[in-house]
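Visitor: I would like to learn how to read a model like this one. Please take me through it feature by feature.

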Amino acid sequence: MQIFNKSKKNPTEKRTRKTDDDKSSLHEVKEPVKAAPAPPPLPELMESTKPVKAIKDTFVSQGTQLTGTIEGQGNIIVEGVIEGSLTSSHQVRIEPTGHVKGEIHAQHIMINGSVEGSCHADSLTIQPKGHMRGDIFTDEFSIEKGGVFVGQSQLMPQTVAGAGKVTALKPARPAPADAAPQLQEPQQAK
């Protein structure tokens, strides 16, 4: 059995109002609670609900020959022949059937095919079936057993932050006269 307390009101009811109908009887009219308007979402939350754009890989399949420039935001995988330049924000991978003649710029380059030209990357790996002829500019360079490299390798050129700016250094405080360092005379063994 349920016990009802008339003093506690239903949360869906806002208030009751008594009306006079023909002044003979009083009726209660229940008004439903109206939901408060939702506050506008914050801009940070709006951006977090946008769909995430997936970065796609670019494939140059076996039997394909391209001449020109390829630029991509994702990985570039080469199984065909490219003459020109490749630029990727992530990884460029040259498969055993792939051949590139030109420049390659990427965060990481993996060569398991044939490359003639120059490579610029944070790290470069020549895999067992890889052949590289040309110049390599990288900070991390590895050649696996069976890999071939003919050319020159150099560290990536470092850009100096604030190049051309001269900053004056504050002079050091002079040490108090009584706190001058004392040198001990060497002791001779007796």
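Guide: Start with the rings. This is a predicted model, and the structure holds one aromatic pair.

Visitor: How do I read such a pair?

Guide: A pair of aromatic rings is described by the distance of the centres and the angle of the planes. Here the partners are Phe141 and Phe149. Their ring centres lie 5.3 Å apart, and their planes stand at 80°. Planes over 60 degrees apart count as edge-to-face, so the pair of Phe141 and Phe149 is edge-to-face.

Visitor: Are Phe141 and Phe149 buried, partly exposed or exposed?

Guide: Use the cut-offs: buried is under 20% relative accessible area, and exposed is over 50%. Phe141 has 32% relative accessibility, so Phe141 counts as partly exposed. Phe149 has 22% and also counts as partly exposed.

Visitor: Which residue in strand E9 touches Phe141 and Phe149?

Guide: Ile126, which has its place in strand E9. Ile126 is buried, because its relative accessible area is 0%. Beyond four places in sequence, Ile126 touches both Phe141 and Phe149. Its other contacts include Ile111, Met132, Ile136, Ile143 and Val148. Ser142, Glu144 and Gly147 are also among them.

Visitor: How far apart are the C-alpha atoms of Ile126 and Ser142?

Guide: They are separated by 6.3 Å. Along the chain, Ile126 and Ser142 are 16 residues apart.

Visitor: Let us stay in strand E9. What does Thr125 touch?

Guide: Thr125 also lies in strand E9. Its contacts beyond four places in sequence are His108, Ile109, Met110, Ile111, Ser142 and Glu144. Thr125 is buried, since its relative accessible area is 13%.

Visitor: And where is Ser123 found?

Guide: In strand E9, which covers residues 114–126. At a relative accessible area of 14%, Ser123 is buried. Ser123 touches Gln107, His108, Ile109, Thr138 and Glu140, leaving aside residues up to four places away in sequence.

Visitor: Follow Thr138, then. Is Thr138 buried or exposed?

Guide: Buried, because its relative accessible area is 4%. Thr138 has its place in strand E10. Its contacts beyond four places in sequence include Ala121, Asp122, Ser123 and Leu124. Gln154, Leu155 and Met156 are also among them.

Visitor: How far apart are Thr138 and Met156 in space?

Guide: They are 4.8 Å apart, C-alpha to C-alpha. In sequence, Thr138 and Met156 are 18 residues apart.

Visitor: Now the nonpolar core. Which residues have the most contacts inside the largest one?

Guide: Leu86, Ile94, Ile104 and Ile111. That core has 20 residues. Next, look at the elements that give two or more residues to this core. They are strand E5 (76–78), strand E6 (81–88), strand E7 (91–94), strand E8 (99–111), E9 and strand E10 (131–143).

Visitor: What does Leu86 touch?

Guide: Beyond four places in sequence, Leu86 touches Ile70, Ile76, Val78, Val92, Ile94 and Val100. Glu103, Ile104 and His105 are also among its contacts.

Visitor: What about charged side chains? How many salt bridges does a search of the whole structure find?

Guide: One. Arg93 forms a salt bridge with Glu95. The closest N and O atoms are 2.5 Å apart. The partners fall on opposite sides of the 20% cut-off for burial. Arg93 has 29% relative accessibility and so counts as partly exposed. Glu95 has 19% and so counts as buried.

Visitor: Step back to the whole chain. How many helices and strands are there?

Guide: The protein chain has one helix and eleven strands. From the N terminus on, the order is β-β-α-β-β-β-β-β-β-β-β-β.

Visitor: How do I read burial and surface over the chain?

Guide: Of the 190 residues, 22% count as buried. The accessible surface comes to about 15,500 Å². Carbon and sulfur atoms account for 54% of that surface.

Visitor: What share of the contacts joins residues at least 24 apart?

Guide: The share is 2%, among contacts between residues at least 6 apart in sequence.

Visitor: Finally, how do I read the confidence?

Guide: Take the mean and then the weak stretch. Mean pLDDT for the protein chain is 77. Of its residues, 56% reach 70 or more. Over residues 160–169, pLDDT stays under 50. For residues 160–169 the model has zero contacts beyond four places in sequence.

Note on methods. Residues numbered from 1 in each chain as written. Heavy atoms only, no water. Helix = DSSP H or I, 4+ residues; strand = E, 2+ residues; numbered from the N terminus. Buried < 20%, exposed > 50% of the residue type's maximum accessible area, 1.4 Å probe, protein only. Contact = heavy atoms within 4.5 Å. Core = buried A, V, L, I, M, F, W, Y, C linked by side-chain atoms within 4.5 Å. Phe/Tyr/Trp six-rings, centres within 6.5 Å; stacked < 30°, edge-to-face > 60°. Salt bridge = Lys/Arg side-chain N within 4 Å of Asp/Glu carboxyl O. Areas by Shrake-Rupley, 256 points an atom, 1.4 Å probe, with all protein chains shown as cover. pLDDT = per-residue confidence, 0-100.
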